[in-house]
Amino acid sequence: MQLSSWSTALAAGIAVVTSAHATSPVPLNTGEPPVRATTNDNRQSAGSLRDGVLTIHLVAQRAAWYPEAEDGPFKVVAAFGEAGHAPLVPGPLIRIPLGTTIDATITNSLADTLAVLGMRGRSDTLWLAPKATARVRYRPPAAGSFLYAAGERRGDKFRFAGVEGQLAGGLIIDEDGAPQDRIFVATGWAPVPIGNNPYFLAMNGKSWPYTEKFVHTVGDTVRWRVLNGEEGAASHHPMHLHGFYYRVDARGGWDADTLYAASQRRWVVTENLPGRSSMAITWVPSRPGNWLFHCHNADHVAGQHRHVIAGRSPPYPEMPFHDAQEHMKWDMSGLVNAITILPRAGESVVAQSATAPRKMRLLVQERPAYYGRRPGYGYVLQEGASEPAPDSILIPGPRLVLRRDQPVEITVVNRLTTHTAVHWHGIELESYYDGIAGWSGSGDNLAPMIAPRDSFVVRFTPPRAGTFIYHAHLTDKVQLSRGLYGALLVLAPDQPDAPEADQVMVVGFGRPNGKASILLNGSTAPAPLQRRRHGTQRLRVINISPEDNVIFTLSTDSAPILWKAVAKDGFDLPVAQQRVQPAQLRIFQGETYDFEFESSADVLHVRIKVPGAPPGGDDVSLQLRVRP
Ligand SMILES: [Cu+2]
């Protein structure tokens with residue numbers, strides 16, 4: 001096979017270097033049952049560090065990987081291991097102080113040619129024929145969180161995903177001192193050839209409910225570096241933390257890493273991790289109880305992938321609803337980590353507010369044949385003493401307006417024919433009310449699923465004014481797609497609730513007339529909204545679509561207007577980040593943004609579009625018209 005034909009299979013711009021030489025000291029895969037891969041928790045650097053040189057010998061080989069229990073189902077995958085040691089998923093961690101030289105020997109024990117990226121000069125590719133061994137010396141020039149990855153030749157293409165998806169590892173260069181952080185590498189698996197799109201994801205080599213569970217104490221400083229080892233533009237993981245904000249200290253990954261200056265750091269509850277990217281984050285739990293850190297792409301955490309891991313074909317068995325904890329094990333998979341925060345010794349657990357709470361009744365309702373043959377679900381706020389008709393629904397749910405520091409008591413009444421649970425996304429509340437049935441709470445006092453005809457009383461006092469979301473957090477893909485989401489606005493005590501100067505745009509997903517589509521404020525053809533011509537106006541943008549990220553624009557008839565980002569996920573942005581810029585935003589699932597703008601135009605156009613969608617594909621517009 002000619003080298004030139006290898007390179008044509010790859011994206012232009014990657015340096016192609018022939019470094020394969022010598023013969024392998026490691027026997028080829030001869031069809032024997034592969035060795036067992038060990039899960040890599042990324043606590044320990046591989047290799048041996050002496051006199052400023054890290055010496056490491058990596059071997060790419062077939063391995064049996066157990067993404068759930070160690071005696072559970074396995075997949076035969078390609079994985080890296082150190083010579084003489086078990087292969088690891090994800091690949092061995094290379095973690096060195098800045099200034100260290102990596103002296104790496106890499107052996108390809110796979111049946112076909114291997115392309116290794118990131119092991120020298122970041123995006124410089126190394127080619128290894130079967131049985132070949134290469135040696136690389138590389139001194140990383142800067143600190144940061146990087147990745148290396150490899151793909152195997154399959155016909156005329158190199159696969160960096162599929163069964164090769166676990167050939168990725170962290171490459172961490174420390175600036176100073178002993179590292180106090182943990183490292184997580186997300187990887188993906190898909191069969192070869194891909195059929196019916198079965199796949200699953202793993203965090204540090206395990207898929208929920210077998211992912212690592214973290215235990216911290218109130219007041220601990222938690223530092224994580226999270227890396228998306230998956231390839232490509234299609235792999236995005238908007239990572240959401242329940243209950244607390246986290247500070248984004250650095251973003252990078254494949255080509256570079258940017259450590260943010262203090263004024264550039266933002267506090268978020270959701271930050272998107274594209275393929276081959278990294279983030280360094282810091283957070284401090286301030287309330288005890290159980291929480292989650294997970295990808296907000298509902299399909300990346302859908303429980304059905306557990307059956308893919310087990311090798312089952314659809315139709316999959318029914319999910320168990322008899323027990324919330326059992327249900328939670330089957331309702332999610334992949335990129336979900338459980339977190340338990342312990343109270344600090346001697347501190348009481350719950351502070352009760354002295355103020356009487358404002359009481360609300362939120363009905364969860366169902367309308368048959370709303371989306372084609374499928375039902376629509378919707379939240380409806382009860383006004384007055386009598387309940388609304390059971391089949392009346394609103395999509396999205398009503399704009400819930402709460403006041404900062406004012407306690408609220410929301411009775412959620414389930415009038416669906418199935419169980420549900422509500423998550424108050426971004427609200428810093430007590431764990432028990434966070435909405436993860438079978439997990440929220442602490443000890444034995446865990447939140448239940450809300451059964452049909454049952455109700456659940458939620459109590460919290462929002463401490464921060466901003467834009468939040470309330471949404472179903474049970475069988476998310478189904479319940480979000482059917483309409484169980486809405487905007488949750490927390491206003492300062494003296495802040496007027498003025499919809500014409502303070503608009504909310506909710507991006508969702510549904511099936512109007514049975515056809516799957518992104519939705520803007522619940523519709524593919526939303527009615528125009530009125531706005532004031534003068535003065536500064538606020539636009540709150542929410543994406544709670546289960547699987548879609550969108551490009552959101554605000555423009556006159558001819559061009560985008562200018563807006564200023566003022567908050568992200570309900571947290572005011574530092575002044576240095578409140579930049580005036582053209583009104584275009586790529587917003588991922590579970591994110592909210594607040595913008596301010598002024599415009600005297602008669603008509604402004606809000607438009608959402610799925611990136612890369614063909615003309616006439618997913619694209620929804622809404623007009624903001626000046627009040628006559
Ligand atoms: Cu994801």
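Colleague: Where does Asn204 sit?
Modeller: In this predicted model, Asn204 is in the loop between strand 18 and strand 19. Strand 18 covers 200-203, and strand 19 covers 214-217.

Colleague: OK, and what is phi of Asn204 near?
Modeller: Phi of Asn204 is near 50 degrees. That's a positive value, and the residue isn't a glycine.

Colleague: Is Asn204 buried or exposed?
Modeller: Asn204 counts as buried, because its relative accessibility is 5% and the cut-off for buried is under 20%.

Colleague: Staying in that loop, what kind of peptide bond joins Trp208 and Pro209?
Modeller: A cis one, with omega at about 5 degrees. Pro209 belongs to the loop between strand 18 and strand 19 too.

Colleague: New topic. What's omega near for the peptide bond from Pro314 to Pro315?
Modeller: Omega is near 0 degrees there, and the bond is cis.

Colleague: And where does Pro315 lie?
Modeller: Look between two helices: Pro315 is in the loop that runs from helix 2 (305-309) to helix 3 (324-331).

Colleague: Let's jump to Asp569. Which strands flank its loop?
Modeller: Strand 44 (562-568) and strand 45 (571-572), with Asp569 in the loop between them.

Colleague: What about phi for Asp569?
Modeller: Phi of Asp569 is near 55 degrees, so here's another positive value in a residue other than glycine.

Colleague: Why does Asp569 count as buried?
Modeller: Because its relative accessible area is 1%, and buried means under 20%.

Definitions and conventions: Residues numbered from 1 in each chain as written. Predicted model: local features only at pLDDT ≥ 70, side-chain atom pairs only at ≥ 80, totals over all residues. Heavy atoms only, no water. Helix = DSSP H or I, 4+ residues; strand = E, 2+ residues; numbered from the N terminus. Buried < 20%, exposed > 50% of the residue type's maximum accessible area, 1.4 Å probe, protein only.
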